[in-house]
Amino acid sequence: MAAPGAPEPVALEQIVGALKLLLSPGGSDSSSLQIEKQDVVLLDRLKSNLLALDKKFEEDPQWEKLKNLREEITTRAEWLQNSLDVTWSFTSQLLVLLLCLKQSMVLLAANFHPPEPNPRTAEAAPVLSPDTLSISQQKTVQSALQFVVTLGICPFLLSGVGIPLRCRTEFGAVIQDVVSFTAAPSVIHRLYTSCIVLLDIAKHTALGSLILGRHFGDIAAGLCQLGFCPMKRKDEPAKPLQEGLKEEERTRARKALQSILDQVYQPLVVRELIILQGGPQQTGSDMKTQTPAWLRRLCGQLLSERLMRPHGVQAVVRGILEGAGAGAAGGAGAEAAAADWRKCDSVAKVLASCPQQSLSLEDYYQQICPQILDLLHIQDKLAARQFQRVATTTFLTMTREHPQLATKHLLQPMLEPIHRCSSAAEVSSKQELPPGAVVVKEEELSRCLEDVFKVFVVGNEPVVALLESLLPELGIVFSLYCFTRQNVSPLRSFCQEILLWILKKLERKAALAALKGLAGLDKSVPSLHPLCEFRAASQGSTMVTIKETSSDEDEVLYQKVTLEQGQVEFLVDLLSQCQECGLAGDFFICCLEELTHVAAENKARLPPEPLSHESLLALEEYQSFLVGEQEKKLLTLQVVAVLCERMSETVFTSITQVVEFVAATLKRACLSLTQESESTVEAQTLSMSMGLVAAILGGAVQLKSSDFDVLKKLVPLLEEVSCTYPEAVIQELAADLRITISTHGAFSTDAVSVAAEAAVKKKDPGGGRMEGQLHTKPQRSSEADGVQTHSDQQPQRGKANHTESPSAAPHIPAEAQGASPRQQHLSSESATANQSPRCTTPEQFQEVLLSAYDPEIPTRAAALRTLSCWIEQRAPQALRTQEKLLKVFLENMEHEDTFVYLSAIQGVALLTDVYPEEILPSLLAQYGGSPGKHPPETRMKVGEALMRIVRALGDMVSKYREPLIHTFLRGVKDPDSSLRASSLSNLGELCQRLHFLLGPVVHEVTSCLIAVAKTDPEAQVRRAAIHVVVLLLRGLSQKATEVLRDVLKDLYHLLKHVVRFEPDGAAKLHAQLALEELDEIMRSFLFPPQRLEKKIVVLP
């Protein structure tokens, strides 16, 4: 109940009924006034409805309350005047009834006290407030508001202000004709009254949403005209639409405009202001309908104010683009709007332009740039494409126009998470953090890389400021890429695309410098801070933390070597995707030139060794310099080796790159001659490169006139080789090549032709030429390969046209290769034995046996490989002396040279494959004997031989299952950690091949693996134990659910234990791999693939 003395509210149904009566023609609800098209009929209907409403108030006693409320509001309304214009009288009555509706809704809401919910009863929907309008009532109110705007605002707007009524509907044209502009009150007061009263009604939330949601544009146009339109010029009389408005009324209109601009949904405000501002000015007959200059300036100023507000950028973008389909109900329209790139680019140009209201350009960038970065993070999938396109285009435009400000306010904040963990960042803050503390959170790193991908890769505009800002952070991106290559991460594709993009967009010199930094050849390039490390995060992405210090120097060294090797391999994988641009070939040549520079600068840059060791600092600097130079040289060699291994066939893509490669080789050869440090490797490389030039000139590639201009770069180098090289054969070939290049192939000696033929045959043994393909293979550098190359080229000498001249092929003499006559003879006998092993004479066999004890390492290794070849081919002479051969191999296994003992291990494995029952027990006894009987190195070599034997036996290994498993299980308990790891590795190879035969011993093997993985103090042994599980699951595959059904649960618990509590990263990685194998096996077991097959069943 209402308080005593307070006005009682009127029922909303009565007020809405009065509105219906006023809006319906002749009291009938079946049709609307909006369908009327004749001005005379419309005026008659308006008069009759006004009379019907007055009659209803006079005759109906139930409307007494509404009548009293109407009279009260009429008394307070100073703006209400009698008018001869029926349209204004009709509008005034509508405004009075809407004010009555507003007051009644306020009173009903104030008197409403909802009951407290009863906790004992079931939860029910809350009681609806009595001031709520039904859908039917809202439609009636909307019709009334439409009449107020159409009759009280739109007719009185100046030409060019808002959208004219004639351009909206046919009914609008009728309204324009029936309104009287001469009757009192004046048109400017009608416009003022309509706008101010509607805004008063809009103070109620429910009514305000109906008014401002549909008619904001017309009300804003009216307020702009009332508050900002110039009244008159000095030289012209006042216009009827502008005279009679007081200054305080104009001020009130300005404040009302500012108020609704701040209250209404900002994208709607932006869209309506753009409509009010109109399009570009045109010249022609329709100048009167164009937007006035004062309104254009006003709308521009208001739009700039909207833009400078918090979240103003997003409001401007939404206001322009939501009409194209982006928004809450975008749907297919959002896709179409995203394709309209011209609209997105126009918005970007607006955002990139500094408005006049801004204090300075830097102040504008400081306010706008954070909002532009926020546009990249829009989560709405329907609008994200448009917003990201606008943000990217704005980003690029600002960077192109004002690179310094864009770098400060856009690029640096975007790249800050990456820069935070860079080696160039501040160190003091990181030293204060404890180990394991988070430096860059998962969300920050993911968002940073996604933003870089959107701006750099998707934007695809190589602005100089963009490249310069990303280049210092390239090392961190590459380190993250290497980390993601070791596990599953959503950031891998972002890192890869960013690296490929910048390597392709950089100038070739800058790209090569960046590659040297990524490979570790240039220490000045910033990389990941040494105190930081990447770590997998809880949400599946990556974060940066403070590295935990390790006291195990061997483990630290192992991790460093593994990291460098992995980075080189991953870098080569990246380069393999840049083959079209030739970056890989240029980098390969750059590394070769780096080797030449290192060799040349070793003596020039080498500081003199301190004469006395009193100065410890000088001695330490001297040693550090030596270590750094050696490390750089080894790393360069590693990069060259991996490039040769991974991309040998496709590393060169043009004649220019081949010429650069040959030039680098010739420079290195000349340098070695200058320093008197020529080696077999240098001689072979020089021979190969000159043969390559001869092949190019001999027709392997179709040359153009421009190619000879490139080849002329080799002329000075070939001349130097022809004058300084000690071998006459190389001198002659270099001189002939120089003449052929200088004459553009018009004159060519037979030596060049034969050398070209030899080079092509060496590449293609079948004799067919490979036209147009430009690639080289890495040359083997061992002495045995040099001997073989020399022997292969011997027949070519007899085919030369020169008498007793060996210049037909670019070979290397025996003296230059450093090979003794005994080695050459042994190589020739080995080649003969390889062709016909059953024709080996006892004398040849004895000579090879004696060579197996030769003090020269190449000779001994070649002899062991020859014996292994005879065993593999079942030579009778070798099979009859298997005991003697076993003794030879076992004795050579104790040799310290890798080439020798690996050849001996291969021989033992091949011999055991022929006589397993005779040799395998002795090897097992030697491997599993007491620790003091045989040195650990020998037992490790025997373990390597046993692994190769297990692989060679294949399925036949099941016959020797018991002795092998028992020996390996005993080896797991050995005091030497290396032998324990070797035994586990062999056990994994054995279990991988036993399949169902593993069943009787599966419990023993599993118990051993669990105990070792949980209790062994050495990390490498625990890694080996987990690796056995990986091999076991990988070998059994789908059979694992049958063979391991009793222990599969124990293995799963072991792997989860390792992942959670194992401190060693490599062991964790093995455990994750094993879990992935197990997951794949169980998925295949639980969800077998569905196959459609026909099945015919014969019924009895």
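This report describes a predicted model of a single chain, moving from its overall make-up to its sheet, selected helices and a few individual residues.

## Overall make-up

The chain contains 50 helices and three strands, and of its 1100 residues 48% count as buried. Among the contacts in the chain with a separation of 6 or more, 73% are accounted for by residues 24 or more positions apart.

## The three-stranded sheet

The three strands form an open sheet in the order S1-S3-S2, and their pairing is antiparallel. Strand S1 (438-440) and strand S2 (532-536) are the edge strands, each of which pairs on one side only. Neighbouring strands of this sheet are turned against each other by 45° on average, with direction ignored.

Strand S1 and strand S3 (residues 542-546) run antiparallel and are joined by two bridges; in S3, Val544 is the bridge partner of Val440. Helix H19 (residues 442-458) lies across S1, S2 and S3, and the helix runs at about 125° to S3.

## Helix H14 and its two sides

Helix H14 (residues 341-352) has twelve residues, which at 1.5 Å a residue should span 16 Å, and its end C-alpha atoms are indeed 16 Å apart, in agreement with that expectation. The buried residues of H14 are Cys344, Asp345, Val347, Ala348, Leu351 and Ala352. Because these buried residues cover an arc of only 160° around the axis, they lie on the same side of H14.

An α-helix has 3.6 residues a turn, so residues three or four places apart point the same way. On the other side of H14, Arg342 and Lys349 are exposed.

## Helices H45 and H47

The axes of helix H45 (residues 977-994) and helix H47 (residues 1019-1036) come within 8 Å and cross at roughly 5°. Since an angle under 35 degrees counts as roughly parallel, H45 and H47 are therefore roughly parallel to each other.

On the H45 side, the residues that meet H47 are Ser977, Ser978, Arg980, Ala981, Leu984, Gly988, Glu989, Cys991 and Gln992. Their counterparts in H47 are Gln1020, Val1021, Ala1024, Ala1025, Val1028, Leu1031, Leu1032 and Gly1035.

## A buried lysine in helix H4

Lys102 is found in helix H4 (residues 86-110), and because its relative accessibility is 17%, this lysine counts as buried, the cut-off for that class being under 20%. Leaving aside neighbours within four places in sequence, Lys102 is in contact with Asp200, Ile201, His204 and Leu207.

## Two loop residues with positive phi

His311, although it is not a glycine, has a positive phi of about 60°. This histidine lies in the loop between helix H11 (293-308) and helix H12 (312-321), and with a relative accessibility of 62% His311 counts as exposed.

Asn460 is likewise not a glycine and has a positive phi of about 55°. Asn460 is found in the loop between H19 and helix H20 (464-470), where H19 is the helix that lies across the three strands S1, S2 and S3. At 41% relative accessibility, Asn460 counts as partly exposed, because that class covers values between the 20% limit for buried residues and the 50% limit for exposed ones.

Definitions and conventions:
Residues are numbered from 1 along each chain as its sequence is written. This is a predicted model: local features need pLDDT of at least 70, side-chain atom pairs count only at pLDDT 80 or more; totals for chains, interfaces and linings use all residues. Side-chain values use heavy atoms; hydrogens and water are left out. Two strands pair if DSSP finds at least two bridges between them. Helices (H or I, at least four residues) and strands (E, at least two) are DSSP runs, numbered from the N terminus. Axes are lines fitted to C-alpha atoms, for helices over the stretch in contact, and angles run from 0 to 180 degrees between N-to-C directions. Contact means heavy atoms within 4.5 Å. Buried means under 20% relative accessible area, exposed over 50%, partly exposed in between (1.4 Å probe, protein chains only). The expected span of a helix is 1.5 Å times one less than its number of residues. The arc is that of the directions from the helix axis to the C-beta atoms. Angles under 35 degrees count as roughly parallel, over 145 as roughly antiparallel, 65 to 115 as roughly perpendicular and the rest as oblique.
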